[in-house]
Structures are given as C-alpha cells and as structure tokens.
Amino acid sequence: MSFHHPAVLWLLALPIVWGFWQWVRRGQPVVLPFDHGRQRDGRPLRGLVNLMQTLPALLLAVAVLVLAGPRRPAPPENERILNNIIICLDMSGSMSMRFGSSTRFESAVASARQFCEYRQGDAFGLTVFGNEYLHWFPPTKELSAIRNALPFIEPARRLPWFGGTMIAKALDGCEQHLVRTKEGDRAIILITDGGSADFFGGRDRQIAQELADAKIRVFTILIGGATGFGIDGIYTIAAVTQGKVFLADEPGTLTSVFHEIDRMQKAKFKQVTSDWVDYYQPLALAGLVIAGLWGLGLLGLRYTPW
C-alpha cells in the first residue's frame with residue numbers, strides 16, 4: 001500500500017501523542033469513602049480502561065490515513081498485441097459475376113466487413129487492385145473507414161486500367177505499406193477469383209520470399225472455385241509465407257473461411273502494469289470496528305469525566 005499524499009502522514013504524530021497521554025496521565029483524583037478500605041490494585045481493569053480510552057486516538061490515526069489517500073497497484077491487465085492486416089481486394093470485371101444472390105465482389109466485401117468488426121483491436125487497411133493497385137486507406141483501427149469505402153470501390157465504378165488481375169504488383173504494394181508499421185504482426189488477406197498475369201518468370205516466388213522476409217503472412221480466398229493460369233503462384237505465395245489458400249465455391253463458405261483465418265492469425269495478448277487504484281476498504285473496516293468498540297466502551301469502560 002502507498003499513498004497519494006504521503007506528506008499528510010506526519011499528522012500521525014497527533015494520535016500517537018494522544019494515545020501515549022492516555023496511558024501516562026494522572027487525571028483528577030477524587031477521594032471516595034472506600035479509598036481507606038482494602039482494595040485490590042485494579043491493574044487489569046486500569047489497563048482495559050486505558051486501552052478503551054486509546055481507541056479515539058486510533059480512530060484519528062485511521063482518519064489521517066484516509067486523508068493521505070491509500071492506494072495499491074491495480075492487477076495487471078492483458079493488452080491485445082496489434083495485428084496489421086490489409087484486405088487486398090480484386091476489383092476486376094470478373095468479380096461482378098453472380099455468386100448466389102449477389103455478386104462475387106459484394107459477397108466478399110460483406111464477409112470481410114464482418115471479419116473486421118469481429119477482430120476489433122486489430123488495424124485493417126484496404127487495397128483494391130486490377131492491372132494497377134490503389135491503397136484506399138492504410139491500416140487503422142477505425143472500422144468505419146472500410147464501411148464508408150465500400151460504396152466507392154464496386155467493380156462497376158472501376159477505372160479502365162483496373163480491368164485485369166496483377167496480384168504480384170498488388171502484393172508488392174501491400175508489403176511496402178506493411179513494413180512501415182512499427183509494431184504488431186502483419187498479414188494480407190487476398191481476395192480474388194482468378195490467377196495473375198504477373199506470376200511468370202519466377203515473380204511469384206520472388207514476391208513470396210520478400211513477403212516472408214518481412215514476416216507477412218498471405219491468406220488467399222479464391223472465390224468461385226478459380227482455376228486456370230497463374231493459380232499455382234497463389235499457392236506458392238501461401239506456402240512460403242506460412243499462409244493458406246481457401247476455396248470459396250459458395251457464398252456460405254466465405255464466413256467459415258474468415259473464421260478459419262481468425263484461428264490461424266490468432267490475437268495475442270501481453271500483460272501490462274496498470275496504474276494505481278484507491279484502496280480505502282481495509283481502513284474503512286478498521287474505522288468501523290474501532291468506532292463500534294469505542295461506543296461499547298462508553299457504556300462503562302471509561303474514566304469519569306470529572
């Protein structure tokens with residue numbers, strides 16, 4: 001236990017002096033008729049009365065300690081270690097194809113938004129890509145950013161040079177963004193429906209190694225059971241970066257895919273020391289007990305006031 005205002009503790013000298021005086025004072029002797037008889041010395045009774053007379057001094061000491069502001073360290077708390085995650089979203093024309101009751105793009109965005117809201121405490125960024133890529137916003141804990149961005153990134157609104165699929169270029173851009181983060185783990189959730197045209201010539205393995213060196217894991221969601229050229233590179237990147245490729249053939253599978261990503265990219269916590277908190281409870285209990293005993297003592301265990 002410590003105190004917010006330790007300078008107040010010097011007032012404890014007052015109850016100490018008061019208590020000492022209760023034991024050494026002589027009082028005002030009054031001659032009574034039985035004083036000349038044979039009486040016992042009464043030491044036990046005098047000691048008990050002196051003890052009861054000391055209780056007000058103890059109550060004053062408790063009051064001084066309360067004024068000093070008792071405190072104690074709060075129990076250590078768990079603080080979530082930040083995960084920096086970039087949603088790398090394909091907005092090529094094929095993402096406008098029907099996928100259940102909506103399009104591939106709409107289904108992916110709805111599931112990604114639920115994932116972000118579920119992982120509160122992590123920082124999320126958004127990058128959209130086609131032949132080029134565009135960082136819509138950097139990793140941030142402000143979840144309204146992704147919610148407000150969705151109406152503006154539909155494939156129907158894309159610029160002409162976003163029609164293709166250049167995944168390696170987009171991942172390279174995400175890596176440059178993530179390496180600037182100073183704390184926390186790093187991951188990319190790549191959502192696409194096809195292979196990439198820029199994986200050839202060993203580019204897939206090169207970008208995978210760069211991401212692995214930067215300790216960035218890549219989780220890829222292939223919507224619509226994508227097949228064809230450039231798909232092998234996606235698996236290579238996932239393997240090198242210790243990520244995984246998920247196949248989402250139906251809209252209902254997207255939710256389970258994001259749940260599995262949540263399990264693989266686990267939230268980590270660390271214990272941090274908290275601030276001081278008030279600690280009045282033991283002094284309050286002590287004050288109540290002392291006041292109660294003093295009140296009982298006034299019924300008979302006290303010196304006469306004259």
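**Pockets, rings and a small sheet**

Helix 2 gives the largest pocket the biggest share of its lining, six residues. The model here is a predicted one, in which local features need pLDDT of at least 70 and side-chain atom pairs count only at pLDDT 80 or more, while totals for chains, interfaces and linings use all residues. Residues are numbered from 1 along each chain as its sequence is written, and side-chain values use heavy atoms, with hydrogens and water left out.

To start with the open space, the largest pocket takes in about 1,100 Å³. On a 1 Å grid over the protein atoms alone, a pocket is an open set of points with protein on both sides within 12 Å along at least five of seven lines, a cavity is a set where a 1.4 Å probe fits but cannot get out, and lining residues have an atom within 4 Å of a point. Grid points are joined across faces, edges and corners, and a volume is the space filled by probe spheres set on the points. The pocket has 27 lining residues, and Gln28, Pro29, Arg46, Tyr303 and Thr304 are the closest to its centre. Helix 1 (13-24) and helix 2 (43-67) are the elements that put two or more residues into this lining; helices (H or I, at least four residues) and strands (E, at least two) are DSSP runs, numbered from the N terminus. By class, the pocket lining splits into 12 nonpolar, seven polar and eight charged residues, where Ala, Val, Leu, Ile, Met, Phe, Trp, Tyr, Cys and Pro count as nonpolar, Asp, Glu, Lys and Arg as charged, and the others, Gly among them, as polar.

As for enclosed space, there is one cavity of 30 Å³ or more. The largest cavity holds about 40 Å³, and its lining is made up of Ile87, Leu89, Val109, Ala112, Arg113, Leu126, Ile146, Leu150 and Ile191. Eight of these lining residues are nonpolar, none is polar and one is charged. Strand 4 (83-90) and helix 3 (104-118) each contribute at least two of them, with helix 3 supplying the largest share, three residues.

Turning to the aromatics, the structure has two aromatic pairs (ring centres of Phe, Tyr or Trp, the last by its six-membered ring, within 6.5 Å; planes under 30 degrees apart are stacked, over 60 edge-to-face, the rest tilted). Phe115 and Phe124 make an edge-to-face pair, because their planes stand at 80 degrees, with the ring centres 5.9 Å apart. Phe115 also pairs with Phe258, this time tilted, at 5.2 Å centre to centre and 40 degrees between the planes. That second pair ties together distant parts of the chain, with Phe115 in helix 3 and Phe258 in helix 8 (residues 253-264), 143 residues apart. Phe115, Phe124 and Phe258 form one aromatic cluster. Phe115 is buried at 4% relative accessibility, and Phe258 is buried at 3%; Phe124 is buried too (buried is under 20% relative accessible area, exposed over 50%, partly exposed in between, with a 1.4 Å probe and protein chains only).

Last comes an open sheet of three strands, ordered 1-2-13 and paired antiparallel; two strands pair if DSSP finds at least two bridges between them. Strand 1 (2-3) and strand 13 (276-278) each have a single partner strand, so one side of each has no neighbour in the sheet. Strand 2 (residues 70-73) meets strand 13 over three antiparallel bridges, and Arg72 stands opposite Val277 in strand 13.
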